[in-house]
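Please work through the exercises below with the sequence and the model open side by side. Try each task before reading its solution.

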Amino acid sequence: MCGIVGYLGNLNPKDVIISGLKKLEYRGYDSAGLAILHNGETKLIRALGKLKSLEEKITSEQFNGHIGIGHTRWATHGVPSERNAHPHKVRGISLVHNGIIENYLDIKEELVKQGAKINSDTDSELVAHLIANEVEITKDLKKAVENILDKLKGAFSIVVMWEKNPNELIAFKDGPPLVVGLGKSENFVASDVQALISYTNQFIYLNDREVVQLSQEKVRLFSSQGVAIERKPIVLNWSPELVEKQGFSHFMLKEIYEQPRAVAMAMEPHILNHRVVLKNVGFHEKDLHHLDQIDPLKDWETTQKEFSKIERIFIIACGTSFYAGQIGKYLIENLSQIPVETDIASEFRYRQPIIPKNSLVLTISQSGETADTLAAIRLAKEKGALTLSLCNVKNSSIDREAHGHLYMNAGPEIGVASTKAFTTTLVVLNLLAITFGKVKKLISEEQELTLVQELLSIPSKMEVVLSYDKYFQTAAENLKKFKGFLFMGRGVSYPIAMEGALKLKELAYLHAEGYAAGEMKHGPLALIDERMAIVMIVPHDANFEKTVSNLEEAKARGGQIITLGSGENERLKSISLTYLPVPKAEWNLNPILYVVPMQLMAFHLACILGYDVDQPRNLAKSVTVE
Ligand code: M6R
């Protein structure tokens, strides 16, 4: 999705904007641009393609001034091109925009009737026209922005600059995230803190329908009706290095290798003396800034009280987070006997879901900004459900909306393909399942101890999986000859099969499907021939024998089998073209280990094929439009 950076201060705005936009590249984009104001004139430069093209265009340019805005565009209205790239400039107003203006056709018709000259195919330029018209009347940029807001329908964030006021940026958020960064005699606004973390650690997150007025010295926050709002900044302790590659060739590879530490960090706050004690879930704590300060024991009592009332759980998410949620269903149902429904957020929000009394709606989102998941949590609240969010980004929109809060604690995930956010989510889902099991009195203290011990052994088992990387690389080499891929598994390995297929699709652009192995006879068997690779996930769990039968069936039809199994297994080896061993673990933890070879094989295959691993084509990290 689009990335926005705005700056006012004594540094060269061009440098701040380009460095910020680079940090936002992970979001996905197809063109970029910047506008810098100096001596009442705007220098506007835009380019199709990656930031490198924009940088090449500006190397010969001289930039002065203290204020500017920049943008990376992910096309929604109008093809990726220089004329559709942002900023859009209309009579002294420069604007960058993220999101969608749903009623843009009506606005366009009206503007054309009034004689406006429209230069792009975007909905964004139309907003610049509306503001340019309005500012001629109000002579005040903030008022002009406020006055046009009611004309716009959709989900959008904008940052605007005006030639007649070289010490002011106005930003508005209703949907896609915007955060203000505070400095000394300088201020920033961006789509994500990652763009600004090397300049400041003090941030104010904007809520929906808030306007912010930035000058070099001051930041003032208002409701869209112009009422002043007081909000204390939060201080983030992220070091800038966390958003660098640190010697790895790709962010994705770095993030795959960070997983042992990330999963340890995910469980650390919630394990006390080998017991699961969920820390500071903060049900009903309105101000997220206070989460770290609440009394953990009181909070744990509240959490258990709330959980004891729960009779049904809905897990809602998109993409990889959804597959994690499907594993959560197996875990929670097995350990606590509470029925769990899983739903893709874009389906849930439009299917008029029936949510009985005493339901918990758990949303999972790495970014915390996915538009459909955000809408789902709002709907769940409207229907009276208790909501709990599991996010990686603290203070993200979904985190702010939920009644209770859990975190993946994975650190920034930059690669578009999700890796460590997935495995850390599985850790938290295990903790949640154990908690429900305890609350429902289905897990004894002894069982809890064993479950926790197993969980604590996972980081070192992941290290072992990572040490086999050279085998996954060789396996990836062999995969390039196949025309298609079927990933299969049973039980908790079924969502892992779907996640493995998704990784291959998004990184290597190959057709891959994830299937429940038991479904093979009901259709997919027809696909199998020697050009079809079958990736079978066969851990030594209760489904082992049944999955091996499926494997034999596929082999008998000429399928080329790549098997992942627990430890050395001669039987699996003899049936498979390639056999990849994974350390033995309990059934509930196998997904955390088995997904790692999937991530690495997809990564290596994409590299072999020469694709952009960190930013696969057409994809965005943070899907803030539906
Ligand atoms: O930020 P979220 O977890 O809500 O994102 C959901 C999906 O967009 C995301 O998992 C997507 O499927 C990834 N590209 C998968 O690698």
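The exercises that follow concern a predicted model, and they deal with its sheets, its enclosed cavities and its open pockets.

**Exercise 1. The sheet of eight strands**

Task: Work out the strand order of the open sheet of eight strands, and decide which strands stand at its edges.

Solution. Begin with the order, which reads β3-β2-β4-β1-β10-β9-β11-β15, and note that the pairing is antiparallel. Next, look at the two ends of that order: β3 (41-48) and β15 (234-235) each have a single partner strand, so one side of each is left without a neighbour in the sheet. For the β15 end, the partner is β11 (residues 202-205), which runs antiparallel to β15 and is joined to it by two bridges. To find one of these contacts in the sequence, take Q202, whose bridge partner in β15 is V235.

**Exercise 2. Helices against that sheet**

Task: Determine which strands are touched by helix α1 and which by helix α2, and give an angle for each helix.

Solution. Helix α1 spans residues 13-23 and packs on the sheet, where it touches β1 (3-8), β2 (31-38), β4 (67-73) and β10 (187-190). The direction of helix α1 makes about 25 degrees with that of β4. Helix α2, at residues 51-58, lies across β2, β3 and β4, and runs at about 135 degrees to β3. Reading the two together, β2 and β4 appear in the list for helix α1 and also in the list for helix α2.

**Exercise 3. The sheet of five strands**

Task: Repeat the analysis for the open sheet of five strands, and place helix α16 against its strands.

Solution. The order here is β24-β23-β25-β26-β27, and the pairing is parallel. The edge strands are β24 (512-516) and β27 (578-582), each of which pairs on one side only. From one strand to the next the twist averages 20 degrees. At the β24 end, strand β23 (residues 484-489) pairs with β24 in the parallel sense over five bridges, and G489 has A516 as its bridge partner in β24. Helix α16 (residues 469-479) then lies across β23, β25 (532-538), β26 (560-566) and β27, running at about 150 degrees to β27.

**Exercise 4. Enclosed space**

Task: State how many cavities of 30 Å³ or more are counted, and describe the linings of the largest and the second largest.

Solution. The count comes to three cavities at this cut-off. The largest has a volume of about 240 Å³, and of the 23 residues that line it, S191, D192, S367, E369 and V393 lie nearest its centre. By class, the lining of the largest cavity divides into nine nonpolar, seven polar and seven charged residues. Domain 1 (3-240) and domain 2 (245-456) each contribute at least three residues to this lining.

The second largest cavity has a volume of about 60 Å³. Its lining includes C2, R73, W74, H77, H86, H97, N98, G99 and D123. Strand β6 (residues 93-101) gives the most to this lining, with three residues. The classes are two nonpolar, eight polar and two charged residues.

**Exercise 5. Open pockets between domains**

Task: For the largest pocket and the second largest pocket, explain why each is placed between two domains.

Solution. Start with the largest pocket, which has a volume of about 1,300 Å³. Its lining holds 43 residues, and the closest to its centre are L236, W238, D292, K394 and N409. At least two lining residues come from each of β15, α7 (259-267) and β22 (404-407), with α7 giving the most, four residues. The lining has 20 nonpolar, 12 polar and 11 charged residues. Because domain 1 (3-240) and domain 2 (245-456) both give residues to the lining, the largest pocket lies between them.

Turn now to the second largest pocket, whose volume is about 480 Å³. Among the 25 residues that line this pocket, C318, G319, A620, K621 and V623 are the closest to its centre. The elements that give two or more residues to its lining are α9 (319-336), β20 (359-365) and α17 (493-508). By class, this lining has 10 nonpolar, 11 polar and four charged residues. Domain 2 (245-456) and domain 3 (469-608) both give residues to the lining, and therefore the second largest pocket lies between these two domains.

Note on methods:
Residues are numbered from 1 along each chain as its sequence is written. This is a predicted model: local features need pLDDT of at least 70, side-chain atom pairs count only at pLDDT 80 or more; totals for chains, interfaces and linings use all residues. Side-chain values use heavy atoms; hydrogens and water are left out. Two strands pair if DSSP finds at least two bridges between them. Contact means heavy atoms within 4.5 Å. Axes are lines fitted to C-alpha atoms, for helices over the stretch in contact, and angles run from 0 to 180 degrees between N-to-C directions. On a 1 Å grid over the protein atoms alone, a cavity is a set of points where a 1.4 Å probe fits but cannot get out, and a pocket is an open set with protein on both sides within 12 Å along at least five of seven lines; lining residues have an atom within 4 Å of a point. Grid points are joined across faces, edges and corners, and a volume is the space filled by probe spheres set on the points. Ala, Val, Leu, Ile, Met, Phe, Trp, Tyr, Cys and Pro count as nonpolar, Asp, Glu, Lys and Arg as charged, and the others, Gly among them, as polar. Domain bounds come from an automatic or database domain assignment.
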